[in-house]
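Reader: I would like a close look at one part of this model. Please keep it brisk, and show how the pieces connect.

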Amino acid sequence: MKSTSIVVLLLLLGMAVGCAPRYTEQGLASWYGPGVAGKRTANGERFVPCKRTAAHLTLPFGTRLRVTNLDNGRIVRVRVNDRGPYVEGRIIDLSRGAAAALRMLKAGVVEVRIEVVRSPPGESP
């Protein structure tokens with residue numbers, strides 16, 4: 001009985017301090033950049049290929065993500081500033097800068113895990 005009470009208390013404390021699991025997703029990532037440098041992204045800013053940004057279909061603009069290349073273990077942090085990808089089976093489009101950090105430029109498409117590091121104020125994934 002006492003151990004059950006302790007477990008319940010710890011669970012309640014965990015919920016109170018926001019220890020809920022963060023949003024994660026696993027699937028295919030591609031990269032984009034050639035031909036769109038300087039054009040407006042879906043959030044209105046100009047696309048800069050060398051920055052570490054990403055396009056996601058549903059996550060709020062400004063969401064910070066940790067993207068892990070599951071083929072080589074490399075990790076990059078990116079900020080969502082665009083919408084996409086619009087190719088079936090892909091979960092995220094990365095800027096050239098982010099793709100270079102993951103060493104996926106040559107492959108073009110790789111298996112990744114994305115994890116929300118920080119949501120914009122007032123937003124949740």
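Let us start inside. How many residues does the largest nonpolar core have, and which have the most contacts inside it?

Author: Bear in mind that this is a predicted model. The largest nonpolar core has 20 residues. The ones with the most contacts inside it are L65, V67, V76, V78, I92, L94 and V112. Five elements give two or more residues to this core: β3, β4, β5 (90–95), α2 and β6. The largest share comes from β6, with four residues. The general background is simple: in soluble globular proteins, nonpolar side chains tend to be buried together.

Take L65 as a way in. Leaving aside residues up to four places away in sequence, L65 touches L59, V76, R77, V78, V80, I92, E115, V116 and V117. V76, V78 and I92 are among these contacts, and they are also among the residues with the most contacts inside the core. The list also holds charged residues, including R77 and E115. Both lead on to the strands around L65.

Begin with β4. This strand is mostly covered, with six of its eight residues buried. Its pairing with β3 is antiparallel and runs over five bridges. Within that pairing, R66 has R77 in β4 as its bridge partner. R64 stands opposite R79 in β4. The two strands also form a hairpin, with five residues between them. In the turn, G73 has a positive phi of about 80 degrees.

β4 has another partner. It pairs with β2 in the parallel sense over three bridges. There, A54 stands opposite V80 in β4. V80 is also one of the contacts of L65.

Now turn to β6. This strand joins β3 through six bridges, and the two run antiparallel. T68 stands opposite R113 in β6. So which charged pairs does this region hold? The general idea is that side chains of opposite charge can pair when their charged atoms come close. The structure holds three salt bridges.

E115 is the residue to watch. It lies in strand β6. E115 forms a salt bridge with R66, and the closest N and O atoms are 3.1 Å apart. That pair links distant parts of the chain: E115 sits in strand β6 (residues 109–118), R66 in strand β3 (residues 64–69), 49 residues apart. E115 forms another salt bridge with R113, where the closest N and O atoms are 3.7 Å apart. Shared partners join R66, R113 and E115 into one network.

How covered is this network? E115 has a relative accessible area of 17%, so it counts as buried, since the cut-off is under 20%. R66 is at 28% relative accessibility and therefore counts as partly exposed. R113, with a relative accessible area of 31%, is partly exposed. The surroundings of E115 can be listed too. Residues up to four places away in sequence aside, E115 touches Y23, T24, R64, L65, R66 and T68. L65 in that list leads back to the core.

The remaining salt bridge involves β4. E45 forms a salt bridge with R79, the closest N and O atoms being 3.0 Å apart. This pair also links distant parts of the chain: E45 is in the loop between β1 (24–32) and β2 (53–55), R79 is in strand β4 (residues 75–82), and 34 residues separate them. R79 is buried, because its relative accessible area is 18%. E45, at 25% relative accessibility, counts as partly exposed.

One more arginine deserves a stop. R103 is found in the loop between α2 (96–101) and β6. It counts as exposed, because its relative accessibility is 59%, against a cut-off of over 50%. Beyond residues up to four places away in sequence, R103 touches N69, N72 and R74. R103 and I75 are 28 residues apart in sequence and 9.7 Å apart in space, C-alpha to C-alpha.

To pull it together: β3 joins β4 antiparallel over five bridges. β3 also joins β6 antiparallel, over six bridges. Both β4 and β6 give two or more residues to the core, as does β3. And E115 in β6 touches L65, while its salt bridge reaches R66.

Technical notes
Residues numbered from 1 in each chain as written. Predicted model: local features only at pLDDT ≥ 70, side-chain atom pairs only at ≥ 80, totals over all residues. Heavy atoms only, no water. Salt bridge = Lys/Arg side-chain N within 4 Å of Asp/Glu carboxyl O. Buried < 20%, exposed > 50% of the residue type's maximum accessible area, 1.4 Å probe, protein only. Pairing = 2+ DSSP bridges. Contact = heavy atoms within 4.5 Å. Core = buried A, V, L, I, M, F, W, Y, C linked by side-chain atoms within 4.5 Å.
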